[in-house]
Amino acid sequence: MENQTLDLDVLIVEGLKVTPQSSVPAFILLLLIYIFIMVSNIGLVVLISTECSLHQPMYLLFCNMSINDVFGASTIIPRILSDVFIPMSQRLMSYNECVIQAFCAHFHAGIAHAVLIIMAVDRYMAICKPLHYAAIMTHRMVLGLSVWAWSISFLLVGSSSASVVILNPFCDNASLFKLSCENILINHIYGLGITVVILGSSLCSVMLTYLRIAMVCLRSKNKALNSKALQTCATHLAAYAILLFSGCIIIILHRFPPIYHGSWRPS
């Protein structure tokens, strides 16, 4: 790449590393994934909204997850799709747009953890305190917990929020911090603190609730109860494991130095 002068408010976002020959297959695959995410999640929300028999706490919480998945996918994937056919050196994004995308990406992750915490509590109440479940997990309670999940995520992420290259498929706080020429020690401390709070609270909540559920199932000789517990908890645990694994992968990758290929390096 020849030397070029960029506005200080413009960033280069690396996006997907694809060769010109693989741009079309990558675009089609990513587009199909995006369409699947949108259709499946919107369809699930419509189904739960229109089917009265599904107006139960767990299904209403699924609506939160589906809406959040639509939000998260729409934040990241369309921008990546638009850049697939553009050379990496020309994938420009304004600083303000990058900050907004970073906020939305972290907001999406925060909501996912918060809703999964509520789901774990819901499963605990349904299995360990079935007689009190209907009285506690009312529609009003679920609505209040959903508002809490979105609000607390917004407040935590919103309060955290140059070389000119974002070495990531999308903008996030860690990538923006790497570009700063200022002292960002406070930002790092606060960001690490928020990460510990979100991951720690979700991990502890899920572990404690499922340990309690496991104890109840072990003490119970009711095979029907144990089978119901396994069926209702397996999906939640799988979703939580995927979220935790993907989040940890992103955090770990930011600890490795970037590797540049070819003769071009950002200056």
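**E97 and its partner**

I started with E97, which is partly exposed at a relative accessible area of 35%. This is a predicted model, so I'm reading computed values throughout. I looked for a charged partner and found R79, with the closest N and O atoms 3.1 Å apart in a salt bridge. R79 sits in helix α2 and E97 in helix α3 (residues 95-128), so this pair ties together parts that are 18 residues apart in sequence.

**R79, other side**

Which residue besides E97 does R79 meet in a salt bridge? I found D83, with an N to O distance of 3.2 Å. Both R79 and D83 belong to helix α2, four residues apart, or about one turn of the helix. That spacing made me recall the rule: an α-helix has 3.6 residues a turn, so residues three or four places apart point the same way.

Buried or exposed, I asked of D83? D83 counts as buried, because its relative accessibility is 7% and the cut-off is under 20%. R79 has a relative accessible area of 19%, so it falls under that 20% cut-off too and is buried. I noted that shared partners join R79, D83 and E97 into one salt-bridge network.

**The remaining bridge**

How many salt bridges does the structure hold? I got three. Besides the two at R79, I logged R123 with D122, where the closest N and O atoms are 2.6 Å apart. I checked burial for this pair as well: R123 and D122 are both buried.

**Helix α1**

Next I tested the length of helix α1, residues 23-50. At 1.5 Å a residue, its 28 residues should span 40 Å, and I read 40 Å between the end C-alpha atoms, so the two agree.

Then I listed the buried residues of α1: S23, A26, L30, Y34, M38, N41, V45 and I48. What do they pack against? The answer is α2, residues 57-83, the helix that also carries R79 and D83.

**Against the UniProt record**

I pulled the UniProt entry, which is unreviewed, and it places "transmembrane region" features at residues 26-47, 59-80, 100-121, 142-168, 188-213 and 234-256. I checked two of these spans in the model. Residues 26-47 come out as 100% helix and 0% strand, with end C-alpha atoms 31 Å apart. Residues 100-121 are also 100% helix and 0% strand, and there the end C-alpha atoms lie 32 Å apart.

Terms used: Residues are numbered from 1 along each chain as its sequence is written. This is a predicted model: local features need pLDDT of at least 70, side-chain atom pairs count only at pLDDT 80 or more; totals for chains, interfaces and linings use all residues. Side-chain values use heavy atoms; hydrogens and water are left out. Helices (H or I, at least four residues) and strands (E, at least two) are DSSP runs, numbered from the N terminus. The expected span of a helix is 1.5 Å times one less than its number of residues. Buried means under 20% relative accessible area, exposed over 50%, partly exposed in between (1.4 Å probe, protein chains only). Contact means heavy atoms within 4.5 Å. UniProt positions are given in the numbering used here, feature names are shortened, and annotations may be inferred rather than shown by experiment. A salt bridge is a side-chain nitrogen of Lys or Arg within 4 Å of a carboxyl oxygen of Asp or Glu.
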